[in-house]
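Student: Hi! I have a new structure to look at and I don't know my way around. Could you walk me through it?

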Amino acid sequence: MTLLSIRTDAGVFDAITAGPREGRPVLLLHGFPQTGLVWRRQVEALAAQGCRVVAPDQRGYSPGARPVRPGDYRMSLLVDDVVAITKELGWTAFDLVGHDWGGAVAWWTAQAHPGRVRTLTAVSTPHPGALATTLRTDEDQRNRSRYMIDWREAPATEERMLAHDAQELRGFFAGKVPKDSADAYVRHLSEPGALTAALNWYRAGRPDGAIGVLEVPTLYVWSTRDSAFGPAAAQETGRWVDGPYRFETLEDVSHWVPEEAPETLSRLLLEHLGAHGAN
């Protein structure tokens with residue numbers, strides 16, 4: 001793997017990359033509170049099979065693309081970042097993978113740019129329409145999502161998460177993420193302004209638009225011990241994909257799928273890409 005700086009009108013995005021330059025393009029989007037490093041095992045696995053893989057630190061996580069206002073983290077701008085990054089890479093079409101917030105961005109990007117997104121893989125994060133439905137109808141999902149409201153309070157949330165050597169921030173991983181990775185995420189989000197930028201994703205307000213049913217070939221990977229997304233939203237997601245759809249459930253795996261079950265996720269990704277070729 002090598003480090004890459006991607007310059008766009010929105011700023012400079014840091015990324016890790018691997019694989020032949022002419023390989024099949026795959027973009028991997030991380031979530032909170034992580035960076036592109038979350039995908040290192042998948043980057044290696046996909047690159048070994050000839051893919052050109054890029055995992056950027058998204059808006060707010062890259063120091064060179066870290067606006068201050070919460071409104072600068074609304075969904076349409078996060079989608080614009082994906083398009084700008086891939087255009088700068090010279091990709092006219094690409095496979096898109098996202099986890100946590102990165103999964104939400106991936107869903108919205110596939111909706112807005114189906115001609116560019118060859119396949120979609122969402123890890124943990126249900127379709128936004130499915131999540132909205134279950135937030136209205138399922139008490140369990142409402143309870144699971146309450147933190148999204150709680151974290152809008154600033155600066156108290158930042159102060160609490162970083163107190164006592166970032167005890168709360170580290171606690172999110174519940175021992176399911178390798179210690180060296182957790183330490184790297186904490187160091188990154190302890191930089192001035194970094195955690196506020198990451199939390200601005202929650203503070204940006206509702207998406208500025210509506211999302212419908214997708215026709216892009218989609219793999220959705222959900223795990224039974226996910227604390228953020230429950231079974232109702234996971235099961236509802238299939239109703240929001242009209243194209244080829246594969247739903248995989250990982251038993252006894254937590255929210256941190258890319259690092260807790262790296263071999264399984266890499267295998268599923270390669271199977272999904274193989275089922276929907278480059279042409």
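Student: Which strand do four bridges join to β3, and do the two run parallel or antiparallel?
Tutor: That partner is β4, residues 51-56, and the two strands run parallel. Keep in mind as we go that this is a predicted model.

Student: What stands opposite Arg 24 over there in β4?
Tutor: Arg 24 faces Cys 51.

Student: And what do β3, α1 and β4 make together?
Tutor: They make a β-α-β unit, and it is right-handed. Helix α1 in that unit covers residues 40-48.

Student: How many bridges join β3 to β5?
Tutor: Four bridges link them, and β3 and β5 run parallel. Strand β5 spans residues 94-99. One pair to look for is Leu 28 with its bridge partner Val 97 in β5.

Student: So is β3 mostly covered or mostly open?
Tutor: Mostly covered: six of its six residues, 24-29, are buried. On one side you have Arg 24, Val 26 and Leu 28, on the other Pro 25, Leu 27 and Leu 29, and both faces are covered.

Student: Which residues touch the most other members of the largest nonpolar core?
Tutor: Leu 27, Phe 32, Met 75, Leu 96 and Tyr 202, out of 54 residues in that core. Take Leu 96: leaving out residues up to four places away in sequence, its contacts include Leu 27, Leu 29, Val 82 and Val 117. There is also a second, separate core of 29 residues, with Trp 39, Ala 55, Val 97 and Val 253 among them.

Student: Why would side chains like that gather inside?
Tutor: As a general pattern, nonpolar side chains in soluble globular proteins tend to be buried together.

Student: Let's switch to α4. Which of its residues are buried?
Tutor: Pro 128, Gly 129, Ala 130, Leu 131, Thr 133 and Thr 134, in a helix that runs from 128 to 137. Their cover includes α3, α5 and α10.

Student: Anything unusual in the backbone? What kind of peptide bond leads from Phe 32 to Pro 33?
Tutor: That bond is cis, with omega near -5 degrees. Pro 33 sits in the loop between β3 and α1, so you can find the spot by following the chain on from the strand we began with. Another cis bond joins Ala 154 and Pro 155, with omega about 0 degrees. Pro 155 belongs to the loop between α6 and α7.

Student: What about phi for His 164?
Tutor: Phi there is near 55 degrees, a positive value in a residue that is not glycine. His 164 lies in helix α7 and is exposed, with a relative accessible area of 69%. Ala 174 also has a positive phi, about 50 degrees. Its place is the loop between α7 and α8.

Student: Is Ala 174 buried or exposed?
Tutor: Exposed, at 56% relative accessibility, because anything over 50% counts that way.

Student: Last thing, the whole chain. How many helices and strands are there?
Tutor: Twelve helices and eight strands. Of the 279 residues, 56% count as buried.

Student: And what does the radius of gyration say?
Tutor: The chain has 17 Å, which agrees with the value near 19 Å for a compact globule of 279 residues. The C-alpha atoms fill a box of roughly 50 × 40 × 35 Å along the principal axes.

Technical notes. Residues are numbered from 1 along each chain as its sequence is written. This is a predicted model: local features need pLDDT of at least 70, side-chain atom pairs count only at pLDDT 80 or more; totals for chains, interfaces and linings use all residues. Side-chain values use heavy atoms; hydrogens and water are left out. Buried means under 20% relative accessible area, exposed over 50%, partly exposed in between (1.4 Å probe, protein chains only). Two strands pair if DSSP finds at least two bridges between them. A crossover is right-handed if, with the strands pointing away from the viewer, the path from the first strand over the helix to the second runs clockwise. The radius of gyration is taken over C-alpha atoms; the globule rule is 2.2 Å times the number of residues to the power 0.38. A nonpolar core is a set of buried Ala, Val, Leu, Ile, Met, Phe, Trp, Tyr and Cys residues joined through side-chain atoms within 4.5 Å. Contact means heavy atoms within 4.5 Å.
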